[in-house]
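Hi there,

Here is the structure I promised to pass on to you. Have a look at it first, and then read on for my notes.

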Amino acid sequence: QVQLVESGGGLVQPGGSLRLSCAASGSFVFSISSYTMAWYRQAPGKQRELVATISSAGSTSYASSARDRFTISRDNAKNTAYLQMTSLKPEDTAIYYCKAARWRSVDIWGQGTQVTVTT
């Protein structure tokens with residue numbers, strides 16, 4: 001069974017940077033190359049929100065809160081998607097989840113990684 005495993009979260013001061021990774025595992029034949037990869041986040045007491053997406057063709061989109069600070073990318077050869085986050089703010093504190101989505105396929109979610117931005 002395919003799993004998505006996020007990593008790279010942690011504790012960082014305001015203005016700092018983190019790079020999150022989302023690696024697919026569990027199947028030798030699974031490839032993220034045909035999937036749209038997305039990053040979501042959920043802060044305590046709030047709904048999960050979309051942060052950024054990257055299509056199978058490499059087109060990207062961002063929530064207004066992430067634009068100009070976050071960069072989503074993918075390395076299909078490594079079966080991994082990334083979220084580079086810079087100029088982090090306390091309001092970026094949340095659990096960050098990645099998702100793989102494809103037409104006529106069930107969405108695949110990771111278990112999440114905690115990002116905490118605080119002094």
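To start with a question while you have the structure open: is R104 buried or exposed? R104 counts as exposed, with a relative accessibility of 74%. Please keep in mind throughout that this is a predicted model.

I began with R104 because of its backbone, and the background is that most residues other than glycine have a negative phi. R104 is not a glycine, yet its phi is positive, at about 70°. You will find R104 in the loop that runs between β9 (94–101) and β10 (108–109).

There is another case of this kind to look at. N79 also has a positive phi without being a glycine, in this instance about 55°. N79 sits in a loop too, between β7 (70–75) and β8 (80–85). Its surroundings contrast with those of R104: N79 is buried, at a relative accessible area of 14%, whereas R104 is exposed at 74%.

Next, the aromatic side chains. The count of aromatic pairs comes to two. One of them is F30 with Y35: the ring centres are 5.1 Å apart and the planes meet at 50°, so this pair is classed as tilted. F30 is buried, with a relative accessible area of 12%, and Y35 is buried as well, at 6%.

Y40 and W109 form an aromatic pair that is tilted too, with 4.9 Å from centre to centre and 55° between the planes. Which parts of the chain does this pair tie together? Y40 belongs to strand β4 (residues 36–42) and W109 to strand β10, so the contact links parts that are 69 residues apart in sequence. As for exposure, Y40 counts as buried at 16% relative accessibility, while W109 is partly exposed at 34%.

W109 comes up once more, this time with an arginine. R48 lies over the face of W109, at 4.8 Å from the ring centre. R48 also lies over the face of Y97, where the distance to the ring centre is 3.8 Å. If you colour R48, Y97 and W109 in your viewer, you can follow both of these contacts. Adding Y40 to that view brings in the tilted pair with W109.

That is what I have for now. I hope you enjoy looking through it!

Best wishes

Notes: Residues are numbered from 1 along each chain as its sequence is written. This is a predicted model: local features need pLDDT of at least 70, side-chain atom pairs count only at pLDDT 80 or more; totals for chains, interfaces and linings use all residues. Side-chain values use heavy atoms; hydrogens and water are left out. Helices (H or I, at least four residues) and strands (E, at least two) are DSSP runs, numbered from the N terminus. Buried means under 20% relative accessible area, exposed over 50%, partly exposed in between (1.4 Å probe, protein chains only). Rings of Phe, Tyr and Trp (its six-membered ring) pair if their centres lie within 6.5 Å; planes under 30 degrees apart count as stacked, over 60 as edge-to-face and the rest as tilted. A charge sits over a ring if NZ of Lys or CZ of Arg is within 6 Å of the ring centre and within 35 degrees of the ring normal.
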